[in-house]
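Hi everyone, thanks for coming. Could you pull the model up on your screens while I get going?

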Amino acid sequence: MAQRALQLSKWTGPIALFAVVGPILAALIAVGATAEGKLYLGPGDWAAIRFTLVQSFLSAAFSVALAIPAARALARRRFRGRSALITLMGAPFILPVIVAVFGLLTVFGRAGWVSSILGAVGLEPVSIYGLHGVVIAHVFFNLPLAVRLILQGWNDIPAERFRTAALLDFGPNAVFRIIEWPMLRKAVPGAFALIFAICLTSFAVALTLGGGPRATTIELAIYQAFRFDFDLGRAALLSIYQLGIAGCAAAIALLLIPLSFAEGGLNRPVQRWDTTPAWLDYVWLGLASAFLIVPLSAIVLSGLAGLPDVPISVWHSATASLYVAFISVVVLMILVLPLAAWMGSRKRSGIEAASLLGLAASPLMIGTGWFILINPVIDPQTVALPVTAFVNALMALPFAIRMLAPAVRSAIADHGQLAQSLNLPHVVIWRYVLWPRLRAPLGFSLGLAAALSVGDLGVIALFADPDRATLPLQMYRLMGAYRVDAAAGAALILLALAFTLFLLFDRWGRANADS
Amino acid sequence: MKHLTLAAASIIGATAALAETPVLTVYAYDSFVTEWGPGPAVEVAFEEICNCDLQFIGAGDGAALLARLKLDGARSDADIVLGLDTNLTAAAAETGLFAQHSVKADYALPIEWTDTTFVPFDWGYFAFVHNADATAPTDFKSLASSDSKIIIQDPRSSTPGLGLLLWVKSAYGDEAPAIWADLQDNIVTVTKGWSEAYGLFLDGEADLVLSYTTSPAYHLIAESDSSKAAASFDEGHYLQIEVAGKLASSDQPELADQFLEFMVSDAFQGIIPTTNWMYPSVTPAAGLPDGFETLLTPEKALLLPANDVPALREEALAEWLNALSN
């Protein structure tokens, strides 16, 4: 008897979808109505668009160019600490942007470590402000992502090919040309396009390291139109441009990116016979890991020294940040479970569309739209924290769907028919079929969302009044007031919060794996 | 049971006492409210006479204060906004959010004060501050042709940044865009506010920073350090007169009036020179502190009339954005 496929969350899925798309569309309509069809941009706005594109291009280019040798070295070498290094590559995902910027300033700033070393040998100090500072910060965040994406490409090459190459006595050049180059031609454009799209909506990095009309991203220009001129029409207009540009880039990225991102397998290097200049591989790995580890150590070291100077306001804002993270996680969970179940049990999943939305929607565009909607009704500042939490949940949603929907799909493929033929109620399917399989990716997604949310400096900068601040915003204010020690202490607290939250949720997700 | 009743009664009593103390909320720029700024001393001095709770709230740099106010609109919690300057008063008055004042004082300002909406509390000359042992530029052209690195503030968010914009505009008129184009390669970064810029300068990120002729007094008096100097420019120096105003939406109008009166009194004005490092708008009885006589006194002062600023600001800002975004 032909049976209809098991469809889960038939009602709750579309409702959750509406709860996601509705607010985004509302923001877009509000923004569109406020911009009033004036598409005229001033010279500063064009400069912002140009700068946004240029810095994204450079950030993506450097990230990918540096990632290729590092990924190659990781693919070819087995050494103690290899898996620790791969884990470390995940750290920038949960590291709050403002904290990373602080670490980079400590290392690359005019009074930083690199400049002191340069000064000791009589060279000019480096400056981290402007274009190159923004690019350095973006490479810091995206180099690890690029390494992981490209390493995946290397690991997808069947081991037999290298075996055959060894039999045919291929040298390293021939291996590269015949086996590795075709893989790179597939993997690199996707990685490049993804990082390009991510960097387009950069706000916190440009806010702290950019400066002046020459180093302003569109996202920062939206903030400036808001905070400097309170010109909602121009903020709205810039938001539309942002959405258009980021949307195109995201669509291209999703076309180019290879679809399989299988978990696992990263730790099993293929045996290789063409590994001649070993030192070169280790030099690349050393450089790439130093670039990650040194700023992280700088945060911890200066943070420990600064902890005694942390004012009480930092602890207040830490509570606010925890509240934001909590709401954000709850909202994400309420939205993602029905959505993932609905998408995962449909024929056409729509995961790509969700990813597209996640990459293209800019938090400040949504923030601007909601501000316009909320402002006539109540004081937007009183809802600063819930709005921040909700936007953070929306930003984490596409990623969470990407993690959960495939798990639903495979669970249904394996057990759906049986469950249906036993006529199991959906509650039972959820409890015994889905939940054990969803708990791990859910814990990971929620951990990531909590970490992102606790460290987010975006929408809150639009909505916050002088009394209300989250920890990242408070830290930014301390940096602005030049209270470096207090800011360093706050950075360490924020770092600890983000990592603890991530680990808590992730461990909760995995706790079930053994039972 | 009795202790519970007592506890409840004491809580009720405490909230009642709290409710009796009226709160006066003052929005000010960040460096005013920091612990080393005038804020804490002013708070203590005013609370001695007002029987109220004075609360300062830092809301970014001066020009951002105005945007904050537009954002708040009539809902604002603030009773007083302190830290706008004459370059912003026309735009601020136009919002209709401010009330008239009736403060009269014997001002020691370089211009005659006739504004009935805003009360001046201090003033100073903008200047580039540098290390005294370095050769300083003598005008914008020599600065632009030098290799010196400078840090300036964004005219959209900061009153010194706006002051510099109008300084160049009033000194050079139609030639201003060319000056900015030449200055472009000297600018290390453009900060949101004065605090960031001055902090970066002290940290060695630049050779000169846009600040005030009075800034060296801070190093001299507070730190016995004479290593900082203000560069004297032949074009003259643009003036800044900082003001405060009462919001029409204030729920404490009498207290707000009392504060504005207090602002031009000796108690307030005596605090200004060595905490805000500006010239007081009314010379305190004790005179200016020792060390202020060493400061640069520009031969020529520039200041655009407050009502001419809005139109000129728009033009100059477009030129600035254009020159600096290339």
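I'll go through confidence, then the chain contacts, then a helix, two odd residues and a strand.

First, the ground rules. This is a predicted model, so to speak of local features we need a pLDDT of at least 70, and side-chain atom pairs count only at pLDDT 80 or more, while totals for chains, interfaces and linings use all residues. Residues are numbered from 1 along each chain as its sequence is written, and chains are lettered from A and ligands numbered from 1 in the order in which they are written.

Okay, confidence. The complex gets an ipTM of 0.80 and a pTM of 0.85 from the predictor. For chain B, the average pLDDT is 89, with 94% of the residues at 70 or above; pLDDT is the predictor's confidence in each residue, on a scale from 0 to 100. There's a weak patch, though: residues 9–17 of chain B have a pLDDT below 50, and beyond near neighbours in sequence that stretch makes 0 contacts in the model. Where pLDDT is low, the predicted coordinates should not be read in detail.

Now, how many residues of chain B are in contact with chain A? It's 32 residues of chain B, against 24 residues of chain A, where contact means C-beta atoms, placed from the backbone, within 7 Å. On chain B, strand E2 (53–58), helix H4 (62–72), strand E7 (187–191), helix H9 (194–202) and helix H13 (309–324) each put in at least two residues. Those names are DSSP runs numbered from the N terminus: helices are H or I with at least four residues, strands are E with at least two. That side of chain B has 12 nonpolar, 11 polar and 9 charged residues. Here Ala, Val, Leu, Ile, Met, Phe, Trp, Tyr, Cys and Pro count as nonpolar, Asp, Glu, Lys and Arg as charged, and the others, Gly among them, as polar.

Over to chain A and helix H5, residues 97–108. All 12 of its 12 residues are buried, so the helix is largely enclosed by the rest of the structure. Buried means 20 or more other C-beta atoms within 10 Å of the residue's own, exposed means 12 or fewer, and partly exposed is in between, again with C-beta atoms placed from the backbone. Among the buried ones are Val97(A), Phe102(A), Gly103(A) and Phe108(A). The length checks out too: the end C-alpha atoms are 16 Å apart, which agrees with the expected 16 Å, that is, 1.5 Å times one less than the number of residues.

Two residues in chain A have a positive phi without being glycine. Ser9(A) has a phi near 45° and sits in the segment before helix H1 (12–35). Asp169(A) has a phi near 65° and lies in the loop between helix H8 (159–167) and helix H9 (172–200). Buried or exposed? Ser9(A) is buried, with 22 other C-beta atoms within 10 Å, whereas Asp169(A) is exposed, with 9.

Last stop: strand E10 of chain B, residues 237–247. With 11 of 11 residues buried, E10(B) is largely enclosed by the rest of the structure. Which strands pair with E10(B)? Strand E3 (80–85) does, antiparallel over 5 bridges, with Asp85(B) partnering Glu242(B). Strand E5 (118–131) also runs antiparallel to E10(B), joined by 7 bridges, and there Gly124(B) stands opposite Gln240(B). Strand E12 (301–302) pairs in the parallel sense over 2 bridges, with Tyr238(B) matched to Leu302(B). Pairing here needs at least two DSSP bridges between the strands.

How values were computed:
Contact = placed C-beta atoms within 7 Å.
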